Amino acid sequence: MSPSPASQGSPLGDPNNAIDLALFGALGDLAMRKLFPALYHLDREGLMPDSTRILGLARHEHDKAEFRQLVSGALNKRLKKDEQDKASMERFLDRLDYLKLDFTSVEGFDAVRQWREGSPRPMVVYLSVGAKIYGDICRNLQQSGSLDDATRVVVEKPIGFDLASSEEINDAIGDVFPESRVYRIDHYLGKETVQNLIALRFANPLFGTQWNQNHISHVEITVAEKVGIEGRWGYFDEAGQLRDMVQNHLLQLLCLIAMDPPSNLDADAIRDEKVKVLKALKPFTGEALGRDVVRGQYTAGTSDGQQVPGYLEEEGANTESQTETFVAMKTEVANWRWAGVPFYLRTGKRMPEKLSQIVIHFRQQPHYIFDPDQRGIAANKLIIRLQPEEGIALQVLTKDSGLDKGMRLRPGPLHLDFNNAFPKSRIPDAYERLLLEVMKGQQYLFVRRDEVEHAWRWCDQLIDGWKERETPPRRYPAGSWGPVASIAMITQDGRSWYEDY
């Protein structure tokens, strides 16, 4: 067992970052699978101040001891053996308290106020529940007198189903909390590589001068899931892959790639630049809807050598469903920096690999002097991998070694693999980073309301176009990279999806 930094005598975090965390939905899947392990790691790493307390809230009847037992069981299941430090575990569990509560009724919320009475720490309200009751919880907290001017609220995606429902949810939150105290989570923004993307772009002059339409020919963003819908039929069939993945994760990645340099690292300076990108995204109209967008739905196939059912054969399926489980598109950011540079986005379920990566394709040199047969490979690629292994690789061309090779070119990576480059450093989960930033009161990794709404506005017009055309999704077998049409879409531009997985 490796000793934790905290158990080696390190101070337990900056006392100024101490909070009282009220976690609504404390027995839910997200809390048990992600939030409690992330909070435990913050404690173990010595980043959670000693006075920080955590109140779990859920509808089920449990006392404090039973709740701690449930959390302990979840941690034992999720944490690696060398991460389970006895002293840290005991200290973390001692922070936990529990309250049974009906979230939709103000009755019982007095207990939250009583839990807070006399506390000098700000309260963080984490809503790990369905968005439809965000408003109820915020109002009940306010009516019960549980809030003060320092209380922050953390909400999870999806924020709505379209622009109108998103505005309704944000209005309900905004009636109680000002925007400066609302933290909307997109967990992709907490990944180490995503933050490295900011460092890569704005700290390295090598890229700073090359990051525009003069030097970049096109950009690919792929977020592939190996799993199917995992029992989420009720939610997913209403949403589809566009709302579930593109509206948030893929558009956030696109914004970080395409945004202009912010004036500083303040939350609003970064978010202002992201909003400019969302406003500049070209809408899909007319023939572009059929030419530049491909919807797909998986059929039966294989995954890891095992037969898996198609989307319409999943348990509880609506066999008439036209919901897409795959979407690929070619879009463009219509501004001075990116005019004429296609952004190819692709995401789907039941893909061969779990993979999230961005590939920046640089333009070729204006004059080529090597073997004409190798002209197609004579360009650089920057590959930014978010999962499964986080890392960044720059593909460069060198001379193939050997006396008989002449000046044959060979592509090879200049590779930064975070696991190898920083072998003693554990790469923190995205939720650890995001929870730490909430504790510090820093918003730059969270999504502002106008970002959510501009993203919905762009997606809504695409969905409206699909409805007008009434084109069913194309079929693709589980375990493949999507419909053949998605390959044809990029091939018609003389390009192909990057496939060095």
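This passage describes selected salt bridges and one nonpolar surface patch in a predicted model.

Salt bridges were assigned from the distance between a side-chain nitrogen of Lys or Arg and a carboxyl oxygen of Asp or Glu, with a limit of 4 Å, and under this criterion the model contains 36 salt bridges. One of them joins the side chains of Asp102 and Arg59, with an N to O distance of 3.7 Å. Because Asp102 is placed in the loop between β3 (96-100) and α4 (110-116), while Arg59 belongs to the loop between β2 (53-58) and α2 (64-78), this contact ties together parts of the chain that are 43 residues apart in sequence. Both partners fall into the intermediate accessibility class: Asp102 is partly exposed at a relative accessible area of 35%, and Arg59 is likewise partly exposed, with a value of 46%.

A second salt bridge is formed by Asp400 and Arg410, whose closest N and O atoms are 3.9 Å apart. This pair links distant parts of the chain, Asp400 being located in the loop between β15 (391-399) and β16 (409-417) and Arg410 in strand β16 itself, with their positions ten residues apart in the numbering. The two side chains are assigned to separate accessibility classes, since Asp400, at 18% relative accessibility, falls under the 20% limit and counts as buried, whereas Arg410, at 41%, counts as partly exposed.

A further salt bridge connects Arg448 with Asp450, and here the closest N and O atoms are 2.9 Å apart. In this pair the basic partner is the buried one, Arg448 having a relative accessibility of 11%, while Asp450 is partly exposed, with a relative accessible area of 26%. Beyond such individual pairs, Asp20, Arg53, Arg116, Arg121 and Asp148 are joined into one network by salt bridges that share partners.

Apart from these charged contacts, the surface carries a nonpolar patch of about 310 Å², which is made by Ile369, Phe370 and Met407. Within this group, Ile369 is situated in the loop between β13 (355-362) and β14 (381-387). The relative accessible area of Ile369 is 63%, so this residue is classed as exposed, the limit for that class being over 50%; the same value also satisfies the requirement of over 30% relative accessible area that applies to residues making up a patch.

Definitions and conventions
Residues numbered from 1 in each chain as written. Predicted model: local features only at pLDDT ≥ 70, side-chain atom pairs only at ≥ 80, totals over all residues. Heavy atoms only, no water. Helix = DSSP H or I, 4+ residues; strand = E, 2+ residues; numbered from the N terminus. Buried < 20%, exposed > 50% of the residue type's maximum accessible area, 1.4 Å probe, protein only. Patch = residues over 30% accessible without salt bridge, like charges linked within 9 Å, V, L, I, M, F, W, Y side chains within 5 Å. Areas by Shrake-Rupley, 256 points an atom, 1.4 Å probe, with all protein chains shown as cover.
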